[in-house]
Amino acid sequence: MAKKRTSMKSLKAISGAIFVSVGLLLLFANLDQVAAHGRNPFTTPAPSFGAVLDLGLVGLRAVQAYLFEPSSFQAGLHQILVSCWPLALILLGAALLYSEISKRLQGARVRNSAPGTGAYK
């Protein structure tokens, strides 16, 4: 029974590490493609007022699409979410790893705080 619990814990930690690594790989592959297709508007030598105006206009366009063209807004939002789906893998893997690491650290603290173990003599 103890062996089954241990293997389940290690399976959870391994699957978390796999989710994180695959998610990072896919995310960086997507970011590499995005960088190859267009120039980055935020690489100007000095901050310009035009960039702030552009961001404001983009925000107003998003609000306009939300209010007057809901189908267009939903399509754009869908494209954004689909392009960021590797983040879901990363978050799932991080949650699995966090739960397993925190459980192991709590177990180590309990073992070290037991009387006569040398940690608190």
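**Note on the predicted four-helix chain**

1. Tyr66 has its place in helix 2, which covers residues 49-68; helices here are DSSP runs of H or I with at least four residues, strands are runs of E with at least two, and both are numbered from the N terminus. The model is a predicted one, in which local features need pLDDT of at least 70 and side-chain atom pairs count only at pLDDT 80 or more, while totals for chains, interfaces and linings use all residues. Residues are numbered from 1 along each chain as its sequence is written, and side-chain values use heavy atoms, with hydrogens and water left out.

2. The protein chain contains four helices and zero strands, and its elements follow the order α-α-α-α from the N terminus on. Of the contacts with a separation of 6 or more (contact being heavy atoms within 4.5 Å), 80% in the protein chain are between residues 24 or more positions apart.

3. Of the 121 residues in the protein chain, 11% count as buried, where buried means under 20% relative accessible area, exposed over 50% and partly exposed in between, with a 1.4 Å probe and protein chains only. The accessible surface of the protein chain comes to about 10,000 Å², and 70% of this belongs to carbon and sulfur atoms; accessible areas come from the Shrake-Rupley method with a 1.4 Å probe, and for residues only the protein chains shown count as cover.

4. Two salt bridges are found in the whole structure, a salt bridge being a side-chain nitrogen of Lys or Arg within 4 Å of a carboxyl oxygen of Asp or Glu. In one of them, Lys12 pairs with Glu100, with 3.9 Å between the closest N and O atoms. Lys12 lies in helix 1 (residues 2-37) and Glu100 in helix 4 (residues 86-113), so this pair ties together parts that are 88 residues apart in sequence. Lys12 is partly exposed at 30% relative accessibility, whereas Glu100 is buried at 3%.

5. Arg61 forms a salt bridge with Glu69, the closest N and O atoms being 3.8 Å apart. Arg61 is partly exposed at 41% relative accessibility, and Glu69 is partly exposed at 32%.

6. Tyr66, exposed at 52% relative accessibility, joins Val63, Leu67 and Phe68 in a nonpolar surface patch with about 480 Å² of accessible area together. Patches are made of residues with over 30% relative accessible area and no salt bridge, like charges being joined within 9 Å and nonpolar side chains (Val, Leu, Ile, Met, Phe, Trp, Tyr) within 5 Å.
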